[in-house]
Amino acid sequence: MSHPVEAGPTPPSYPPKTPPPPKKPPNPPRPNPQDPKPSPSQVMPTARRGVGMVNRRGANWSLESAPWAAGKARTAVMEQLGKWKYRPAPDTVTAVEAVTTLLIQAAVADGGTKVSVHLSDQDGQACILALSHHTGLTTGADDAGKDVLHQITAHHSVTGCGTDTGPDGRRIWAVITL
């Protein structure tokens, strides 16, 4: 036979006490108007304004920053232009492929972990932009990109190109007439 179970202590007949609400944290100290203002070198730089597109089609791809990225980007750009019903002449196709390769190789050379490719079109022209996503580049990277810009402008289909460096990496772009 089993032994009878003894009853435990009876629960209290009143509800448990609720904890008091948390206290409001103290306000931070007010700035002293006599404190010197930080110099521009002490102020954290703000991110540059992103690329914006209005009234045009666009596509983008994010790729690993690797030697094969240029080939993958070249294929993606040409396929997208085909989807947009562009049928460029053979010499223009060669220029688009060569320029895309140069842009991506320059972005990969910056040493980031990824590169992104952005493509847009308007009025029979395509803009191809590569972003290196390598933070901490100095503005000297723009000087290194000038050799690439000279190689890009060697193609007669290119109507413009440029480069700039910001906190999110280097952007290098070209506009090609299709």
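**A five-stranded sheet and the helices across it**

Trp61 stands opposite Val117 in strand 2, and this pair is a convenient place to enter the structure. The model described here is a predicted one, and the account moves from the sheet to the helices, then to the core and the loops.

The facing pair of Trp61 and Val117 belongs to a longer match, since strand 1 and strand 2 are paired in the antiparallel sense over 8 bridges. Strand 2 is also joined to strand 3, again antiparallel, by 7 bridges. In that second pairing, His118 is found opposite Leu129 in strand 3. Further along the sheet, strand 4 and strand 5 are antiparallel as well and share 8 bridges, with Thr163 opposite Ile172 in strand 5. Taken together, the strands make an open sheet of 5 members in the order 1-2-3-5-4, with antiparallel pairing. Its edges are strand 1 and strand 4 (158–166), each of which pairs on one side only. From one strand to the next, the twist averages 15°.

Next come the helices that lie across this sheet. Helix 1 crosses strand 1, strand 2 and strand 3, and runs at about 160° to strand 1. The length of helix 1 can be checked with simple arithmetic: at 1.5 Å a residue, its 15 residues should span 21 Å, and the C-alpha atoms at its ends are indeed 21 Å apart. Several residues of helix 1 are buried, namely Ala69, Ala70, Ala73, Ala76, Val77, Met78, Gln80 and Leu81. A general point helps in reading such a list: an α-helix has 3.6 residues a turn, so residues three or four places apart point the same way. The buried residues of helix 1 pack against strand 1, strand 2 and strand 3, and also against helix 2.

Helix 2 lies across strand 2, strand 3, strand 4 and strand 5, and its direction is at about 175° to that of strand 5. With 20 residues, helix 2 reaches 28 Å from its first C-alpha to its last, close to the 28 Å expected at 1.5 Å a residue. The buried residues of helix 2 include Val93, Val96, Val99, Leu102, Leu103 and Ile104, together with threonines such as Thr92 and Thr100.

What lies between these elements? In soluble globular proteins, nonpolar side chains tend to be buried together. Here the largest nonpolar core has 31 residues, and those with the most contacts inside it are Leu81, Leu103, Ile104, Ile128 and Ile152. At least two residues of this core come from each of strand 1 (57–64), helix 1 (69–83), helix 2 (90–109), strand 2 (114–122), strand 3 (125–131), helix 3 (140–153) and strand 5 (169–177). Helix 2 supplies the largest share, 8 residues. Leu81 of helix 1 shows how distant parts of the chain meet: leaving aside neighbours within four places in sequence, Leu81 is in contact with Tyr86, Val96, Leu119, Ala126 and Leu178.

The loops hold some backbone angles that deserve a look. As a rule, most residues other than glycine have a negative phi. Lys85 departs from this pattern, with a positive phi near 70° in a residue that is not glycine. Lys85 follows helix 1 and is part of the loop between helix 1 and helix 2. With a relative accessible area of 66%, above the 50% cut-off, Lys85 counts as exposed. Asp123 is another such case, having a positive phi of about 50° although it is not a glycine. It sits in the hairpin of strand 2 and strand 3, which has 2 residues between the strands. Asp123 is likewise exposed, at a relative accessible area of 72%. After helix 2 comes Gly111, whose phi is also positive, near 90°.

How many disulfides does the structure hold? The count is 0. Two cysteines can be placed by their accessibility: Cys127 is partly exposed, with a relative accessible area of 23%, and Cys161 is partly exposed too, at 21%.

Terms used: Residues numbered from 1 in each chain as written. Predicted model: local features only at pLDDT ≥ 70, side-chain atom pairs only at ≥ 80, totals over all residues. Heavy atoms only, no water. Core = buried A, V, L, I, M, F, W, Y, C linked by side-chain atoms within 4.5 Å. Buried < 20%, exposed > 50% of the residue type's maximum accessible area, 1.4 Å probe, protein only. Helix = DSSP H or I, 4+ residues; strand = E, 2+ residues; numbered from the N terminus. Contact = heavy atoms within 4.5 Å. Expected span 1.5 Å × (residues − 1). Disulfide = S-S within 2.5 Å. Pairing = 2+ DSSP bridges. Axes fitted to C-alpha atoms, helices over the stretch in contact; angles between N-to-C directions.
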